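I opened my notebook for a friendly look through this one. My entries follow in the order I made them.

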Amino acid sequence: MDGERAHNWLAAYRRAWEEADSPAAAGLFTADATYRAHPLRPVHTGHDGIAAYWDRATAGQGDVRVRLGDLIVDGDRVAVEWWTTMTADGDPATVAGCLLLSFAPDGRCQALRECWHEAAEALDPPPDWGRLGPGADGAAAEHARRWAEGYERAWRAADPEAAAALYAPGAHYRSEPFADPHPGRDGVLAYTRRAYATEAGQDPRFGTPFASTAAAAVEWWATMLEENQPTTIVGTSFLTFTDDGLVATARDYWFLEPGTHHPFAGWGR
């Protein structure tokens, strides 16, 4: 999958969403494609399943405007952020999230996974949203692997200092799209201290990075006790790096659900 074909596919996806065109959306996928709008909900399979999901999802939507961030193209895999404003049953709404896509040789998508957040108002993306380049040294894949290994160790050990050390002193981190950023390594440390303080028994795991020369997207899945209650958090981090492999920018998208849920077959690849 080259950059031009990926851009063309996403432009068609955007048009289908803005026009609530379920048949056009379904036609972008292979006949046996899997579409996961939420990792802990039933998967939508094939053209009929995808079209039915789109019919339901877009039924109350109007004035839809979809914006797309910079693409990460990694062989037959593509990762991209999206930001959508609309009316939902007549009320303003914003949905911001990311797509993780795997493509067949004919250019149709054979697997889609996404994470997203909702706000009950019309919001424009912040100036830093969706930007992923240029890369510092073209080694984003290796930097992302090291970040994932280091962050998994730090999270499992509930060690916020070790987690923050993976970020550059001037890093810019958004833990969710509608929240204020956590500026610098000190901001990352303060956020991580707060997050880890309410957790116990963390069992995180990280997927294979989607990486271009400039940036990477990394999936993660963690079960834990949150305020003593079994909880699962599933998300994706979009990352850029400094020349020495520290995180320069990071944006997270995630779902937090009660209960202990384990990854489905094929997650993280």
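**Entry: after the helix.** I began just past helix α4, where alanine 158 follows with a positive phi, near 55 degrees. I kept in mind that I was reading a predicted model.

**Entry: helix α4 itself.** Next I asked what span the 17 residues of α4, residues 140-156, should have at 1.5 Å a residue. The expected value is 24 Å, and the end C-alpha atoms are 24 Å apart, so the two agree. I then looked up which residues of α4 are buried. They are Ala140, His143, Ala144, Trp147, Ala148, Gly150, Tyr151, Ala154 and Trp155.

**Entry: strand β8 and its partners.** I moved on to β8, residues 167-174, and checked how it pairs with β14, residues 247-258. These two strands run parallel and are joined by 4 bridges. I noted tyrosine 167 standing opposite valine 247 in β14. With β9, residues 182-183, the sense is antiparallel, and I found 2 bridges there. In that pairing, histidine 172 stands opposite proline 183 of β9.

**Entry: threonine 94.** I picked this residue in strand β6, residues 91-103, and asked myself: is threonine 94 buried or exposed? Its relative accessible area is 0%, under the 20% cut-off, so threonine 94 counts as buried. I then looked for the polar partners of its side chain. One is the backbone oxygen of glutamate 121, reached at 2.6 Å. Another is the backbone nitrogen of leucine 123, which lies 2.8 Å from a polar atom of the threonine 94 side chain. Glutamate 121 and leucine 123 also turn up in my list of what threonine 94 touches, leaving out residues up to four places away in sequence. That list further includes Trp83, Thr84, Thr85, His117, Glu118, Ala119, Ala122 and Phe178.

**Entry: positive phi in loops.** I went back to backbone angles and stopped at aspartate 89, where phi is near 55 degrees, a positive value in a residue other than glycine. Aspartate 89 sits in the loop between β5 (77-88) and β6. I checked its accessibility too: at 68%, over the 50% cut-off, aspartate 89 counts as exposed.

Glutamate 227 got a note as well, with a positive phi near 50 degrees in a residue other than glycine. I placed glutamate 227 in the loop between β12 (216-226) and β13 (229-241). Where does glutamate 227 fall, buried or exposed? I wrote it down as exposed, because its relative accessible area is 54%.

Notes
Residues numbered from 1 in each chain as written. Predicted model: local features only at pLDDT ≥ 70, side-chain atom pairs only at ≥ 80, totals over all residues. Heavy atoms only, no water. Expected span 1.5 Å × (residues − 1). Buried < 20%, exposed > 50% of the residue type's maximum accessible area, 1.4 Å probe, protein only. Pairing = 2+ DSSP bridges. Polar contact = N/O pair within 3.5 Å; in protein donor to acceptor, adjacent residues only side chain to side chain. Contact = heavy atoms within 4.5 Å.
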